[in-house]
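Subject: Structure handover

Hello,

I am passing on the structure we spoke about, for you to look through. My notes on what was found in it follow below.

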Amino acid sequence: MGLETEKADVQLFMDDDAYSRHSGVDYADPEKFVDSGYDRDPHRLNSHLQLGFEDVIAEPATTHSFDKVWVCSHALFEVSKYVLYKFLTVFLAIPLAFAAGILFATLSCLHIWILMPFVKTCLMVLPSVQTIWKSLTDIVIGPLCASVGRSFSSVNLQVSHD
């Protein structure tokens, strides 16, 4: 039963009339790829990575390869993408998750214990600093600029062409 069903499915898939060069799956719709389990990307952070064969390889209507070549290419693309992703995640997922955990823990600690107390301290001290700065500019810089302005206001330049 299993072998006969598989042969019928393959023949239907390889049939020229039944095969439309598009798998019928809309890769842009993330709801069609949700497994029976929970959603691993609930915030759709990586929805742009849901690429299919038709998104990468496309033949215009005027240029087509043999249908069997197209079907084999499609199958090889999907299988290699699936197997290679699984293989890479076996070796990279745990170390990269560990490194990302260390990175985000460090950034969180720095943000919580250093950056935000510094910002809050600056915001708390700023009104006093603003008052002192305004007094200093009114006492020192204001009269100094007024004196320099008066001095330069008496300067008279004349340009002559000899």
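The protein has three helices and zero strands, and along the sequence these elements give the pattern α-α-α. Please keep in mind that the model is predicted.

Burial and surface: of the 162 residues of the protein, 7% count as buried. The exposed area of the protein comes to about 14100 Å², and 69% of that area is supplied by carbon and sulfur atoms.

Contacts along the chain: when contacts with a separation of 6 or more are taken, 53% of them are between residues 24 or more positions apart.

Annotated segment: the UniProt record, an unreviewed entry, carries the annotation "transmembrane region" for residues 83-104. In the predicted model, residues 83-104 are 100% helix and 0% strand. The C-alpha atoms at the two ends of this stretch are 30 Å apart. Helix α3 is made up of residues 67-153.

One residue in more detail: H111 also belongs to helix α3. Is H111 buried or partly exposed? Its relative accessibility is 39%, so H111 counts as partly exposed, given that buried means under 20% and exposed means over 50%. Once the neighbours within four places in sequence are left aside, H111 is in contact with M116 and P117.

That is what I have for now.

Regards

Conventions: Residues numbered from 1 in each chain as written. Predicted model: local features only at pLDDT ≥ 70, side-chain atom pairs only at ≥ 80, totals over all residues. Heavy atoms only, no water. Helix = DSSP H or I, 4+ residues; strand = E, 2+ residues; numbered from the N terminus. Buried < 20%, exposed > 50% of the residue type's maximum accessible area, 1.4 Å probe, protein only. Contact = heavy atoms within 4.5 Å. Areas by Shrake-Rupley, 256 points an atom, 1.4 Å probe, with all protein chains shown as cover. UniProt positions renumbered as here; feature names shortened; annotations may be inferred.
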